Amino acid sequence: CATEGIRYMFSPYVLGRISFVVLGRAGVLSVIAVLGATLMLAACDGTEGRKVEFMERGNQFYAQENYEKARLEFRNVLQIEPKNPAALYKLAQLDEITQNWGAAFANYQRVIDADETNVMARVRMGRLALLSDQVDKALELAEESLAKEPDNVDALTLKAAVLAKQQKHAEAMVLARQALEKNPGHIETTILLAGLEQSQGR
């Protein structure tokens, strides 16, 4: 019947044969390649969109201090991109908030492994190292940070804190003052310098 004839004409087999006759083997392969690439791009766009959505929701929950939900969203990002530096950094910050120092240290290291230019991950690692009396490690991280960003106030403050820990108060005060010249309102540097001046009887 007519319906069956139309169905046959538009069947995948017949369409495939027509395509082969009209386009030739090379043409058909080109079409297949284009379709495959289009499908891959669509899949990537969908994945990228979900990753952005998870990250945005995680940041929103973080701002609302809903840390458990924030952690879940950042982990969702890492399921898509296991080495995403932004998500790893947020997880490390959450670990600090919950005082899970070992996990925080490890996650900051993962940030650096994923993005070796990240200075703040080094600075925050350095602070954790200093708090656990790993003075040499803290100094190493401070020096690495300053090598990348010589004017970074957080890195200058970290190195000043390390020098203070080593009882090198005069050097520490010089660095702290340099940091405050660059950012007069920096709270951590202000507290550090006040403590150093008090220890020197000023």
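User: Which residues does Leu175 touch, not counting residues up to four places away in sequence?

Analyst: Start with the source: this is a predicted model. Contacts with sequence neighbours come with the chain, so set those aside and look further off. Leu175 then touches Leu156, Lys159, Ala160 and Leu163.

User: Where does Leu175 lie?

Analyst: Leu175 lies in helix α9. For a sense of distance, take Ala161. Leu175 and Ala161 are 14 residues apart in sequence and 9.2 Å apart in space, C-alpha to C-alpha.

User: Does Leu175 count as buried or exposed?

Analyst: Read the relative accessibility against a cut-off. Under 20% means buried, and over 50% means exposed. Leu175 has 12% relative accessibility, so Leu175 counts as buried.

User: Let me step back. How many helices and strands does the protein have?

Analyst: Count the elements before you study any one of them. The protein has 10 helices and zero strands. Along the sequence, the pattern reads α-α-α-α-α-α-α-α-α-α.

User: What share of the residues is buried?

Analyst: Buried residues make up 36% of the 202 residues in the protein. Now look at the surface. The protein exposes about 12300 Å², and carbon and sulfur atoms supply 58% of that area.

User: What share of the contacts joins residues at least 24 apart?

Analyst: Take contacts in the protein between residues at least 6 apart in sequence. Of these, 44% join residues at least 24 apart.

User: Which residues touch the most other members of the largest nonpolar core?

Analyst: First the general idea. In soluble globular proteins, nonpolar side chains tend to be buried together. Here the largest nonpolar core has 22 residues. Those touching the most other members are Ala70, Phe74, Ala87, Leu94, Tyr108 and Ala121.

User: Which elements supply at least two residues of this core?

Analyst: They are α2 (12–63), α3 (67–80), α4 (85–97), α5 (101–114) and α6. The most comes from α4, with six residues.

User: And what does Ala121 touch?

Analyst: Leave out residues up to four places away in sequence. Ala121 then touches Tyr89, Tyr108, Val111 and Ile112. Apart from this core lies another, of 18 residues. Leu163, Met173, Leu175 and Leu196 are among its members. You met Leu175 and Leu163 earlier, as a touching pair.

User: Try a residue outside the nonpolar list. Is Asn107 buried or exposed?

Analyst: Asn107 is buried, because its relative accessible area is 9%. Asn107 is found in helix α5. Beyond its neighbours within four places in sequence, Asn107 is in contact with Leu88, Leu91, Ala92 and Asp95.

User: Now a pocket. Which residues line the largest pocket?

Analyst: Read a pocket by its space, then by its lining. About 180 Å³ of space lies in the largest pocket. Its lining holds Arg127, Leu130, Asp154, Thr157, Leu158, Ala161, Glu188, Ile191 and Leu192. The elements giving two or more residues to this lining are α6 (119–131), α8 (153–165) and α10 (187–199). Of the elements, α8 gives the most, with four residues.

User: How do the lining residues divide into nonpolar, polar and charged?

Analyst: Five are nonpolar, one is polar and three are charged.

User: Where is His186, and what is it in contact with?

Analyst: His186 is in the loop between α9 and α10. Setting aside neighbours within four places in sequence, His186 is in contact with Val153, Asp154, Thr157 and Leu180. Asp154 and Thr157 are also among the pocket's lining residues. His186 and Val153 are 33 residues apart in sequence, yet 8.0 Å apart in space, C-alpha to C-alpha. His186 is buried, because its relative accessible area is 12%.

User: Which residues have a positive phi although they are not glycine?

Analyst: Check the backbone angle, then the location. Asp133 has a positive phi of about 65°. Asp133 lies in the loop between α6 and α7 (135–148). Gln167 also has a positive phi of about 65°. Gln167 lies in the loop between α8 and α9 (169–182). At 58% relative accessibility, Gln167 counts as exposed.

User: One last case. Is Asp136 buried or exposed?

Analyst: Asp136 is exposed, because its relative accessible area is 62%. Asp136 is found in helix α7. Asp136 and Gly126 are 10 residues apart in sequence and 9.5 Å apart in space, C-alpha to C-alpha.

Technical notes:
Residues are numbered from 1 along each chain as its sequence is written. This is a predicted model: local features need pLDDT of at least 70, side-chain atom pairs count only at pLDDT 80 or more; totals for chains, interfaces and linings use all residues. Side-chain values use heavy atoms; hydrogens and water are left out. On a 1 Å grid over the protein atoms alone, a cavity is a set of points where a 1.4 Å probe fits but cannot get out, and a pocket is an open set with protein on both sides within 12 Å along at least five of seven lines; lining residues have an atom within 4 Å of a point. Grid points are joined across faces, edges and corners, and a volume is the space filled by probe spheres set on the points. Ala, Val, Leu, Ile, Met, Phe, Trp, Tyr, Cys and Pro count as nonpolar, Asp, Glu, Lys and Arg as charged, and the others, Gly among them, as polar. A nonpolar core is a set of buried Ala, Val, Leu, Ile, Met, Phe, Trp, Tyr and Cys residues joined through side-chain atoms within 4.5 Å. Buried means under 20% relative accessible area, exposed over 50%, partly exposed in between (1.4 Å probe, protein chains only). Contact means heavy atoms within 4.5 Å. Accessible areas come from the Shrake-Rupley method with a 1.4 Å probe; for residues, only the protein chains shown count as cover.
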